[in-house]
Amino acid sequence: MSHRVLTGITTTGTLHLGNYVGAIRPAVAASRAPGVESFFFMADFHALIKCDEPDRIARSSRAIAATWVAAGLDTERVTLYRQSDIPEIPELTWLLTCVTAKGQMNRAHAYKAAVDAATAAGEEPDAHVTMGLFSYPVLMAADILMFNAHRVPVGKDQVQHIEMTRDIAQRFNHLFGQGRELFVLPEAVVDAEMELLPGLDGRKMSKSYDNVIPLFEGGSAALKEAIARIVTDSKLPGEPKDPEGQALVTIYDAFATPAQRAAFRAALRAGLGWGEAKQQLVALIEGQIGPMRARYEALMAHPEELEAILQDGATKARAIAVPFLKTLRAAVGLRPYTDTAQTAAAKAEKTALPVFKQYREADGKFYFKLLSAGGDLLLQSTGFDQGRDAGQWVARLKRDGLAALTVDAPVQREAAEADIAAALAALQAA
Ligand code: TRP
């Protein structure tokens, strides 16, 4: 199997430049590498946990899907889907929930943050905690394990969830794998450089700091307007400037070649004004984002095209999820009754013992034979006049094993000695 990479984006808003640089752009690039099978999805079940505005969730899902496609994701090559189009995911969530320790969920950062906030406000610790929030990491584990992803590119804040996924997977494998690795243990991939794209005020670009530069939303006007608000020092045009530590320069770097980076720094040191520098930044970003934005707007204007892409993605995803869930259901014991019978029969065959059979032939004599568990003839006696004599030989062979099989024993060896010895030993042990 090729290497599988999977990541999801929660559909509660639109994307900003930090999401593009940190998640979308590297994911699109990685999805083109040979030997990689990529899965990208709109985590809309996750969105329900944080958001009770249906229209916002619907619009966000559409905008994020359009963003992936506009950013160059080749949907022929990768699998792009909505989490909520894959009913196997919530079903797997339940199987995983049943092996997940509550104590481990108590330690999840998002849950603990909610408890701390409530406690600080003098409320009940769980005042604002839904079961959705509490179980968030299990749903995320199902997202990842459903497709046995090897690598999961995520932000730093999500690393704990990947560790929990590994624990859950390990436990499930141990309980139900019967020596098989049902689930691959995934690795988190955190790109440290990309995590650091600063926002307008120099802190990490994030909705919660209200310092974001929108990716497509609002068109080039919104991009210009946001860049104009990037905080700089108050040096005037003509004054030499120190480029290091400037959010403007770090954002520039994220879109520039090494040569452009060097030239931009040199120009600032030589006195380039901040206003002029911002215009250069707008031009640089617009050159890359502008053509994508046109595609984005077309997709937003034609939801049927996007919907068809997502339906295709769901079909591809379910071609994996449906049979895999069937295996998992069987592993935990959710089986058609007919399968249960088969399994019992298979078990019986495995644990079956060799057997001595005593019988009387048409010649009036008494005989016995030893058959292997699989029914192969191992030993065949000669005929006895008395049934009791045959019985005594059987008892002696059962008791003494191969040692009873002396040269003068009235028994014919019909198989290799090792097989006969193993059969007799099995009977002695039983
Ligand atoms: N929890 C992730 C976030 O908020 C989104 C997400 C949901 C995800 N399921 C996932 C990411 C599975 C990677 C893999 O960023």
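These exercises, each with a worked solution, concern a predicted model of a protein chain with a ligand.

**Exercise 1. The ligand shell**

Find how many residues surround the ligand, and describe the shell by class.

*Solution.*
Step 1. Count the neighbours. The ligand is surrounded by 14 residues. The closest are Thr 10, Tyr 136, Met 140, Asp 143 and Gln 158.
Step 2. Sort the shell by class. Eight residues are nonpolar, five are polar and one is charged.

**Exercise 2. Polar contacts and cover**

Which side chains place an N or O atom close enough to the ligand for a polar contact, given a limit of 3.5 Å? Then state how much of the ligand the protein covers.

*Solution.*
Step 1. Take the ligand oxygen. The side chain of Thr 10 has an N or O atom 3.3 Å from an oxygen atom of the ligand.
Step 2. Take ligand nitrogen. A polar side-chain atom of Asp 143 is 2.7 Å from a nitrogen atom of the ligand. For Gln 158, the distance from a side-chain N or O atom to a ligand nitrogen is 2.8 Å.
Step 3. Turn to the cover. On its own the ligand has 370 Å² of accessible area, and the protein covers 89% of that.
Step 4. Place the shell on the fold. Strand E1 (3-10), strand E2 (36-43) and helix H7 (131-145) each give two or more residues to it.

**Exercise 3. Domains**

Divide the chain into domains, and give the distance between the centres of domain 2 and domain 3.

*Solution.*
Step 1. Read the bounds. Domain 1 comprises 3-193 + 302-337, domain 2 covers 216-291, and domain 3 covers 352-429.
Step 2. Take the centres over C-alpha atoms. Those of domain 2 and domain 3 are 92 Å apart.

**Exercise 4. Salt bridges**

What does the salt bridge between Glu 91 and Arg 329 link? Compare its setting with that of Lys 365 and Asp 385.

*Solution.*
Step 1. Start with the total. The whole structure has 18 salt bridges.
Step 2. Examine Glu 91 and Arg 329. Their closest N and O atoms are 2.5 Å apart. Glu 91 is in helix H4 (residues 88-97) and Arg 329 in helix H14 (residues 303-332), so distant parts of the chain, 238 residues apart, are linked. Glu 91 is partly exposed at 29% relative accessible area, and Arg 329 is partly exposed at 34%.
Step 3. Examine Lys 365 and Asp 385. Here the closest N and O atoms are 3.6 Å apart. Lys 365 lies in the loop between strands E6 (355-360) and E7 (366-371), and Asp 385 in the loop between strand E8 (377-381) and helix H16 (387-400), so the pair ties together parts 20 residues apart in sequence. Lys 365 is partly exposed at 32%, whereas Asp 385 is exposed at 56%.
Step 4. Look for shared partners. Glu 244, Asp 253, Arg 265 and Arg 269 are joined into one network.

Definitions and conventions:
Residues are numbered from 1 along each chain as its sequence is written. This is a predicted model: local features need pLDDT of at least 70, side-chain atom pairs count only at pLDDT 80 or more; totals for chains, interfaces and linings use all residues. Side-chain values use heavy atoms; hydrogens and water are left out. A residue is near a molecule or strand if one of its heavy atoms lies within 4 Å of it. A polar contact is a pair of N or O atoms within 3.5 Å; within protein, one must be able to donate a hydrogen and the other to accept it, and residues adjacent in sequence count only if both atoms are side-chain atoms. Accessible areas come from the Shrake-Rupley method with a 1.4 Å probe; for residues, only the protein chains shown count as cover. Helices (H or I, at least four residues) and strands (E, at least two) are DSSP runs, numbered from the N terminus. Ala, Val, Leu, Ile, Met, Phe, Trp, Tyr, Cys and Pro count as nonpolar, Asp, Glu, Lys and Arg as charged, and the others, Gly among them, as polar. Domain bounds come from an automatic or database domain assignment. A salt bridge is a side-chain nitrogen of Lys or Arg within 4 Å of a carboxyl oxygen of Asp or Glu. Buried means under 20% relative accessible area, exposed over 50%, partly exposed in between (1.4 Å probe, protein chains only).
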